[in-house]
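Trainee: I would like to learn how to read a protein structure. Could you walk me through some features, one at a time?

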Amino acid sequence: MVFVHVENRSDKDLHFQPTLKLMRWSTGEEVEPLSGKVSFRNTKIPAHSSGTMVIDLSEAYDMALLETPLSDNDWYYFVLTNNNFMFGQDWMCTVKFAQPIPTQKDDPVPIPPVKADPELITKITEELRPYFESYTLDVSERNRLSDEYLKLCRQLLGQLDANVVSSVSPMELNLIDSGQSVLFDPTVPEDMQLQLTGLHRRPTDGYDKIIGSSAGENAMVLSAYIPQRKGEIDGGVDIPL
């Protein structure tokens with residue numbers, strides 16, 4: 001028996017359908033039921049209220065399998081729906097059937113310092129070079145350095161005897177489709193290949209360095225999506241190229 005606490009903060013009553021998908025996080029695969037006899041109670045949650053939905057899995061799944069402990073970096077989750085699992089009308093809900101097995105934590109691998117390309121550094125205005133010569137994982141320190149960099153940019157631009165204008169917005173692109181299909185990953189269906197890449201307007205580069213001379217200037221950044229878990233095709237973490 002699983003008790004799911006539901007909060008309905010919308011203006012409409014929420015009617016869950018008496019169906020679910022039981023998924024395993026590490027594989028992204030659905031756990032196949034023995035039968036379709038999952039029992040639901042209290043599936044209607046009125047608008048602006050909360051309630052507890054009761055789900056009985058005992059007749060539908062191999063409970064001995066589900067109660068086999070998993071490692072502490074793996075778990076099961078439900079996908080619940082009120083409209084046939086359509087996008088925006090499904091919900092994920094983590095569920096644990098046994099105490100997890102603690103995994104042995106390896107000693108953290110030190111991250112080697114990131115060194116800037118010396119050839120590129122020589123092409124940067126000398127006063128701005130220190131900002132690009134170092135990299136830090138500390139967010140507050142990174143923000144402090146960015147603020148100092150933007151302040152220095154304003155000072156340098158103010159000294160120019162010229163009409164300074166903002167960079168051109170990359171919002172409009174003139175792209176020509178070659179008509180040829182591109183195969184990035186042969187393990188992914190052909191009609192999903194373009195979901196492996198992304199195109200975004202970003203104020204920073206891959207090392208979180210400010211791209212323009214102000215916080216409002218952006219560059220068009222091409223990224224590759226890297227899956228976070230086995231079986232994941234679309235989505236993931238975008239790595240700027």
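Trainee: Let me start with charges. Which residue forms a salt bridge with Arg-144, with the closest N and O atoms 2.7 Å apart?

Mentor: Keep in mind that this is a predicted model. The general idea is that side chains of opposite charge can pair when their charged atoms come close. Here the partner at 2.7 Å is Glu-141.

Trainee: Where do Glu-141 and Arg-144 lie?

Mentor: Both are in helix H4, which covers residues 139-158. They are three residues apart, about one turn of the helix.

Trainee: With which other residue does Arg-144 form a salt bridge, at 2.4 Å?

Mentor: That one is Glu-148, and the 2.4 Å is again the gap between the closest N and O atoms. Arg-144 and Glu-148 are separated by about one helical turn, because they are four residues apart in helix H4. Put the pieces together and you get a network of salt bridges linking Glu-141, Arg-144 and Glu-148.

Trainee: Are these three buried, partly exposed or exposed?

Mentor: To sort them, you need two cut-offs: buried is under 20% relative accessible area, and exposed is over 50%. Glu-141 has 29%, so it is partly exposed. Arg-144 at 37% counts as partly exposed, and Glu-148 at 43% does too.

Trainee: How many salt bridges does a search of the whole structure find?

Mentor: It finds six. One of them is formed by Arg-202 and Asp-238, whose closest N and O atoms are 2.5 Å apart. Arg-202 belongs to strand S10 (residues 197-202) and Asp-238 to strand S12 (residues 237-240), so this pair ties together parts that are 36 residues apart in sequence. Arg-202 is partly exposed, with a relative accessible area of 23%, and Asp-238 is partly exposed at 24%.

Trainee: Now for strands. How many bridges join S10 to strand S11, and in which direction do they run?

Mentor: A useful idea for strands is that, in a regular one, the side chains alternate between the two faces of the sheet. In this model, six bridges join S10 to S11 (residues 219-226), and these strands run antiparallel. You can find Thr-197 opposite Ala-224 in S11. S11 is also joined to S12, by four bridges, and that pair runs antiparallel. There, Ile-226 stands opposite Val-237 in S12.

Trainee: Can we look at a single residue next? Is Thr-81 buried or exposed?

Mentor: Thr-81 lies in strand S8, residues 76-81. It has 0% relative accessibility, so Thr-81 counts as buried.

Trainee: Which backbone atoms lie close to polar atoms of the Thr-81 side chain?

Mentor: The side chain reaches the backbone oxygen of Gln-89 at 2.7 Å. In addition, the backbone nitrogen of Asn-84 lies 3.4 Å from a polar atom of that side chain. Leaving aside neighbours within four places in sequence, the residues in contact with Thr-81 include Phe-16, Met-86 and Trp-91.

Trainee: Let me practise on Asn-8. In which strand is it found, and is it buried or exposed?

Mentor: Asn-8 is found in strand S1, residues 2-8. With 5% relative accessibility, Asn-8 counts as buried.

Trainee: Which backbone oxygen does its side chain reach?

Mentor: The side chain of Asn-8 reaches the backbone oxygen of Lys-12, at 2.8 Å. Not counting residues up to four places away in sequence, Asn-8 touches several others, among them Leu-14, Pro-46 and His-48.

How values were computed: Residues are numbered from 1 along each chain as its sequence is written. This is a predicted model: local features need pLDDT of at least 70, side-chain atom pairs count only at pLDDT 80 or more; totals for chains, interfaces and linings use all residues. Side-chain values use heavy atoms; hydrogens and water are left out. Helices (H or I, at least four residues) and strands (E, at least two) are DSSP runs, numbered from the N terminus. Buried means under 20% relative accessible area, exposed over 50%, partly exposed in between (1.4 Å probe, protein chains only). A polar contact is a pair of N or O atoms within 3.5 Å; within protein, one must be able to donate a hydrogen and the other to accept it, and residues adjacent in sequence count only if both atoms are side-chain atoms. Contact means heavy atoms within 4.5 Å. A salt bridge is a side-chain nitrogen of Lys or Arg within 4 Å of a carboxyl oxygen of Asp or Glu. Two strands pair if DSSP finds at least two bridges between them.
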